[in-house]
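Please work through the exercises below with the sequence and the model open side by side. Each task is followed by a solution that goes step by step.

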Amino acid sequence: MVQDLGRVVSNSEVKRGYFLMDIRSPSIARQAKPGQFLTVRCGDVTSPLLRRPFGFHRINDSGFQVLYEVVGKGTRLLSELKPGNKVDVLGPLGNGFTVPGKTKDVIIVAGGIGVAPLVALAEKIVNSPQSIVHRKPLVLLGARTRNDILCVREFRKLECEIKVSTDDGSQGFKGGVTDLLEDLLSSIDYRLSTIYACGPEAMLKEIAAIARKRKSEAYASLEGNIACGVGACLGCAIETRSGYKLVCEDGPVFNLNEVVWR
Ligand SMILES: Cc1cc2nc3c(=O)[nH]c(=O)nc-3n(C[C@H](O)[C@H](O)[C@H](O)COP(=O)(O)OP(=O)(O)OC[C@H]3O[C@@H](n4cnc5c(N)ncnc54)[C@H](O)[C@@H]3O)c2cc1C
Ligand code: FES
C-alpha cells in the first residue's frame, strides 16, 4: 500500500453525472490489480473528513483510471479537479478478483456504476495468458436508464458479447439485469459459468440466490461503508458463513455464497 500525490491527467464527464479521471501514480499502478480499491482525499484535510473509496477502473504502467458517479460532496469536489492538479491517493487496498484459470465461461454482471471495476477485470481475463476461458466474457449491463449504461465501448473493444437491461426500458431489455442472468444460466450453453459482479446490494443478493440455485460460482465486489479503509475501525464488518469479515481488508471481493444476507 502506498500513499501518493497523484497527478490528474484528465477528468471529464463521460455521461451526465458520471466522470472519468485519469491519475498518474506509477507507484500505486505497479501494485494494483482488478477488484482492489484506493481511497482518495477529495477536499482539504477536514471536509469531507474521510477519504472516499473507488475501484480501479483501468490500470496501466504509469497510473490508473477512476470512473465515478457524482453523488455527494466528495465526488462533487473530485469532479472539479483539473489536469495538472495533485490528488492524495492511497492504495492498492483489499484483495481484488482472482482471475479464473482453466475454466468454463465467465459472465460479468454490472449494476449501474458497479461496472467501474469490472472493465479492469475483463481486460485482465481477455489479456491474461494463464486464463484459459472457453470464450470471451459475456457482459450483462443493468441500470436505471440508458444514461446510466456505461462502458459499452470498452467491453466491445475487448470483443465481449454485451446484453443491456434498463429499469425504464429506454435501452435493451426492460427489467432487472438479474432476469437476464437467470435466463442465461437456465440455458445449457452457459450452465456452470463463473459470475463476477458489482452493483447495488439488492442485485448482489439476487445473484447469490440465482448462483446457489444454478450451482454456479459467483464473486462480487461489495460496496460497504468504508471509513478508515485499512482494517483499523471495524466499521465495514459484514457477516459471512465463517464469521465477521472486513470489506476493506478481507474484501471487497467475496464469494457470494459465503455472505450472510439480511
Ligand atoms: C470498495 C468500494 C469501491 C467503490 N468504487 C466506486 C467506483 O469505482 N465508482 C464510484 O462512483 N463509486 C464507488 N464507490 C462508492 C463511492 O465510494 C461513494 O459513492 C463515495 O464515497 C460517495 O462520496 P460522496 O462524498 O460524494 O458522497 P456522500 O456524501 O458520502 O454520500 C452521498 C450519498 O451516497 C450514498 N453512498 C455513499 N457511499 C456509498 C456506498 N459505498 N454505497 C452506496 N451508497 C453510498 C450515501 O448514503 C448518500 O446517500 C465504491 C465504494 C467502495 C466501498
Ligand atoms: S473501513 Fe475501517 S476497518 Fe474497514
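The exercises go from the overall fold to the cores, then to one helix and to single residues.

The model is predicted, and local features need pLDDT of at least 70, side-chain atom pairs count only at pLDDT 80 or more, while totals for chains, interfaces and linings use all residues. Residues are numbered from 1 along each chain as its sequence is written, chains are lettered from A and ligands numbered from 1 in the order in which they are written, and side-chain values use heavy atoms, with hydrogens and water left out.

**Exercise 1. Describe the secondary structure of the protein and how compact the protein is.**

Begin with the elements: the protein has six helices and 16 strands, where helices (H or I, at least four residues) and strands (E, at least two) are DSSP runs, numbered from the N terminus. Next take the radius of gyration, which is computed over C-alpha atoms and set against a globule rule of 2.2 Å times the number of residues to the power 0.38. The value is 18 Å, close to the 18 Å that the rule gives for 262 residues, so the protein is as compact as a globular protein of that length. Finally, consider burial (buried means under 20% relative accessible area, exposed over 50%, partly exposed in between, with a 1.4 Å probe and protein chains only): buried residues make up 50% of the 262 residues.

**Exercise 2. Locate the largest nonpolar core and identify which element gives the largest share of this core.**

A nonpolar core is a set of buried Ala, Val, Leu, Ile, Met, Phe, Trp, Tyr and Cys residues joined through side-chain atoms within 4.5 Å. The largest one has 33 residues, and those with the most contacts inside it are Val109, Leu140, Leu181, Ile207 and Leu222. Among the elements that each supply at least two residues of this core are strand S8 (106-111), strand S9 (138-143), helix H5 (177-186) and helix H6 (201-214). The largest share, six residues, comes from H6. A second, separate core of 29 residues includes Leu20, Leu67, Phe97 and Val253.

As a last step, follow Leu222, using contact in the sense of heavy atoms within 4.5 Å. Leaving aside neighbours within four places in sequence, Leu222 is in contact with Leu204, Ile238, Val247, Pro252, Phe254, Leu256, Val259 and Trp261.

**Exercise 3. Is helix H3 mostly covered or mostly uncovered, and what covers its buried residues?**

Count first: nine of the 12 residues of H3 (residues 116-127) are buried, and the helix is mostly covered. The buried residues include Leu118, Val119, Leu121 and Ile125, and also Glu123. The cover includes strand S5 (58-59), strand S6 (63-69), S8, helix H4 (152-157) and strand S12.

**Exercise 4. Relate Lys136 to Glu159 in sequence and in space, and describe the backbone of Glu159.**

Lys136 is in the loop between H3 and S9, whereas Glu159 is in the loop between H4 and strand S10 (161-166). The two are 23 residues apart in sequence and 7.0 Å apart in space, C-alpha to C-alpha. Not counting residues up to four places away in sequence, Lys136 touches Val126, Leu158, Glu159 and Cys160. Lys136 is partly exposed at a relative accessible area of 35%, while Glu159 counts as exposed at 57% relative accessibility. Glu159 has a positive phi of about 65 degrees although it is not a glycine.

**Exercise 5. Find where the cis peptide bonds at Pro48 and Pro92 lie.**

A cis bond joins Ser47 and Pro48, with omega about -5 degrees, and Pro48 lies in the loop between strand S3 (37-40) and strand S4 (52-55). The bond from Gly91 to Pro92 is also cis, with omega near -5 degrees, but Pro92 is found in strand S7 (residues 86-93).
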